[in-house]
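The following exercises invite you to read a structure step by step, with the sequence and the model side by side. Try each task before turning to its solution.

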Amino acid sequence: RSGYYGPPPMTEQEKAMLEQKRDKEVVMAAVQQSWRALEVADKTARSDRNIVLAAVRQNPAALGFAASLQRGRRSLVLEAVRVDGCAIQHAVSALQADEEVAGEAV
């Protein structure tokens, strides 16, 4: 018999990271079914660029459910307002005042 007993147990940090990854995958799958899933997602998911982008591509109004970090992401806001100018109301104030963003919203 060798002295090998398998890999060491996962640390709490590793367990948390794995759980978060699984949660993001679940939320992404839900958002891909319906952008409204973003409305009930936790803050971590609402802060995830890919999850928010998937929701906004279905309906720009989803920007209203995104975390402020994403509502302040210029490229994301531009994508939303190019489809529906009303989405500008969900952007952070600095982007609402941005000339290019405002121009795309009309």
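**Exercise 1. Find the residue whose side chain meets that of Arg 74 in a salt bridge, and work out what the pair ties together.**

Solution. In this predicted model, the side chains of Arg 74 and Glu 100 come together in a salt bridge, with 2.7 Å from N to O. The next step is to place both partners: Arg 74 belongs to helix α6 (residues 74-83) and Glu 100 to helix α8 (residues 99-105), so the pair ties together parts that are 26 residues apart in sequence. As for accessibility, Arg 74 is partly exposed, with a relative accessible area of 33%, and Glu 100 also counts as partly exposed, at 37%. Finally, the pair can be set in a wider context, since a network of salt bridges links Arg 74, Arg 82, Asp 98, Glu 100 and Glu 104.

**Exercise 2. State how many salt bridges the structure holds, and examine the one between Asp 48 and Lys 24.**

Solution. The count for the structure is 7 salt bridges. In one of them, the side chains of Asp 48 and Lys 24 meet at 3.2 Å, N to O. Asp 48 sits in the loop between α3 (43-46) and α4 (49-58), while Lys 24 sits in helix α1 (residues 12-33), so this pair ties together parts that are 24 residues apart in sequence. To decide whether each partner is buried, recall that the cut-off is under 20% relative accessible area. Asp 48, with 15%, is therefore buried, whereas Lys 24, at 28%, counts as partly exposed. A further step shows another role for the side chain of Asp 48, which caps the N-terminal end of α4 through an oxygen that lies 3.0 Å from the backbone nitrogen of Asn 50.

For comparison, look at the salt bridge in which the side chains of Arg 36 and Glu 39 meet, at 3.3 Å from N to O. Here Arg 36 counts as partly exposed at 42% relative accessibility, and Glu 39 counts as partly exposed at 41%.

**Exercise 3. Describe the surroundings of Arg 46, beginning with its place in helix α3.**

Solution. Arg 46 is found in helix α3, and at 24% relative accessibility it counts as partly exposed. Once its neighbours within four places in sequence are left aside, Arg 46 is in contact with Leu 38, Ala 41, Val 52, Phe 65, Ala 66, Ala 67 and Gln 70. Two of these partners can be followed further. Ala 66 is 20 residues from Arg 46 in sequence, yet their C-alpha atoms are 4.8 Å apart in space. Ala 41 offers its backbone oxygen, which lies 2.9 Å from a polar atom of the side chain of Arg 46.

**Exercise 4. Identify which elements build the largest nonpolar core, and which of them gives the largest share.**

Solution. The largest nonpolar core has 27 residues, and those with the most contacts inside it are Val 31, Leu 38, Val 56, Leu 63, Val 77, Val 81 and Val 101. Two or more residues of this core come from each of α1, α2 (37-40), α4, α6 and α8, and the largest share, 6 residues, is given by α4. Turning to α4 itself, its buried residues include Ile 51, Val 52, Leu 53, Ala 54, Ala 55 and Val 56. Beyond its neighbours within four places in sequence, Val 56 is in contact with Ala 62, Leu 63, Leu 76 and Ala 80. In α6, the buried residues include Leu 76, Val 77, Leu 78, Ala 80 and Val 81, and what covers the buried residues of this helix includes α4, α5 (68-71), α7 and α8.

**Exercise 5. Summarise the chain as a whole, together with the confidence of the prediction.**

Solution. Begin with the elements: the chain has 8 helices and 0 strands. Next comes burial, where 31% of the 106 residues count as buried. The accessible surface comes to about 7000 Å², and 51% of it belongs to carbon and sulfur atoms. Among the contacts with a separation of 6 or more, 35% are made by residues 24 or more positions apart. Last, consider confidence: the chain averages a pLDDT of 89, and 90% of the residues score at least 70. Confidence is lowest in α1, at a mean of 80, and highest in helix α7 (residues 93-96), at 97.

Key:
Residues are numbered from 1 along each chain as its sequence is written. Side-chain values use heavy atoms; hydrogens and water are left out. A salt bridge is a side-chain nitrogen of Lys or Arg within 4 Å of a carboxyl oxygen of Asp or Glu. Helices (H or I, at least four residues) and strands (E, at least two) are DSSP runs, numbered from the N terminus. Buried means under 20% relative accessible area, exposed over 50%, partly exposed in between (1.4 Å probe, protein chains only). pLDDT is the predictor's confidence in each residue, from 0 to 100. Contact means heavy atoms within 4.5 Å. A polar contact is a pair of N or O atoms within 3.5 Å; within protein, one must be able to donate a hydrogen and the other to accept it, and residues adjacent in sequence count only if both atoms are side-chain atoms. Accessible areas come from the Shrake-Rupley method with a 1.4 Å probe; for residues, only the protein chains shown count as cover. A nonpolar core is a set of buried Ala, Val, Leu, Ile, Met, Phe, Trp, Tyr and Cys residues joined through side-chain atoms within 4.5 Å.
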